[in-house]
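Visitor: I'd like a close look at a single part, please. Could you take me through it slowly?

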Amino acid sequence: MRPSLEVADIFRAAGPAYRATHAGHLSLHQLKVMSAIEHCRTAALGGHVEACEDCGHRRIAYNSCRNRHCPKCQGAAARTWLAEREADLLPVGYFHVVFTVPAEVADIAFHNKAAIYDLLFHAASEAMLTIAADHRHLGARIGITAVLHTWGSALTHHPHVHMIVPGGGIALDAERWISSRPAFLLPVRVLGKLFRRLFLTRLIALHAAGRLAFFGSLAPLADRWAFLRHLSPVRNKRWVVYAKPPFAGPEAVLAYLSRYTHRVAISNRRLIAFNETGVTFRYKDYRRDDAGRQRIMTLGPDEFIRRFLLHVLPRGFHRIRHYGLFAGSARKACLTRVRELLAVAPPPDDDLREEPLDARPPCPCCGGHMIIIDTFERWRQPRAPPHCTPTTGRNSP
């Protein structure tokens, strides 16, 4: 069911004024994201007319923007990605590990997103792979699927990495599978210390190489000694690495991934109202563990848009990455070896799998199959609009 309020509604109403007020302060990429969300599934992007093969009912379906920051477009993208990952599931427990950085580092990341987000991925994955390979802990090569989130529930800038990790790995001699304990994967304090060391060492190297930029109140950090003084408090601070209890099973892993891998900033379902008082939405107060954790917040339209745009990713940046057994070209060979060690049958070949179902929703009148009978270009309506209801709840083919 389509939510009654969408981010696109807020952008269409308040976006023009926001762009005028902040002219010269928005990047071209941010402007393109705003435009894509505003025009998604409208006549601006064109579309097609569908007709039911059984009862003849017709409807107009507008094209989607397919921008990865658009809340409406990520459902289909997540389902496609999820279907591709099903063949990689293993019959073992899966753990959920979260790596985050202190506020002092998040401030630096705000103006250096590509460099710091990339560093966050590398430091977190290296810490996991190193500690897992240590014979004092697991002593095995593990597989990791990592997803970058840059937001807190209230849309604040809070970069962190979620990792989904099988409960075990291949022994370093590749001759056996080593399982982790049922409710314990790796020691989080040890992970946190190594993660902190790896991250800070490379962050200082980035600064020495002149690859970091500083603006506004952080401009003095361009000086090396000021930069080192800024980092001094975090050298002895505990860096948060959080390991959640293992998932109930592979299906629960997929359900989690389908919700989190393609989400950006806020989903339309969290929006409650948009009126003269501002934008009202639901959020979680993670400082509370009681029933009052679910809270409601109202922001002015400009502040809501500003917070949303904080999470526009650098162009071409990959926010889903795979490491260890799941990395690159060795993925299939590693998964094949894991299944051999676990005595698990391989998944069916791609050419033997069933064809994907038609993504078009069924006819609202009789549930029949809808077919495309006409298309129209951007900014144009059908030449003779049928008696139908425009649909905006899905991607076009």
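Visitor: What covers the buried residues of α6?

Guide: Before we look, this is a predicted model, where local features need pLDDT of at least 70, side-chain atom pairs count only at pLDDT 80 or more, and totals for chains, interfaces and linings use all residues. Residues are numbered from 1 along each chain as its sequence is written, and side-chain values use heavy atoms, leaving out hydrogens and water.

Okay, the cover: it includes the helices α4 (103-111), α5 (113-133) and α7 (224-235), along with the strands β3 (94-100) and β9 (241-244). Contact here means heavy atoms within 4.5 Å. Helices (H or I, at least four residues) and strands (E, at least two) are DSSP runs, numbered from the N terminus.

Now α6 itself. It takes in residues 188-208, 21 of them, and reaches 30 Å from first C-alpha to last. That's close to the 30 Å expected at 1.5 Å a residue, with the expected span being 1.5 Å times one less than the number of residues.

Who's tucked away? Among the buried residues of α6 (under 20% relative accessible area, 1.4 Å probe, protein chains only) are L191, L194, F195, L198 and F199. Further along, L203, I204, L206 and H207 are buried too, and so are G192 and R196. An α-helix has 3.6 residues a turn, so residues three or four places apart point the same way.

Just after α6, G210 takes a positive phi of about 75 degrees.

Elsewhere, an open sheet of 3 strands runs β4-β7-β8, paired antiparallel (pairing needs at least two DSSP bridges). β4 (140-141) and β8 (177-179) are at its edges with a single partner strand each, so one side of each has no neighbour in the sheet. β4 is joined to β7 (residues 168-171) by 2 bridges, and R141 has I170 in β7 as its bridge partner.

Methods. Buried < 20%, exposed > 50% of the residue type's maximum accessible area, 1.4 Å probe, protein only.
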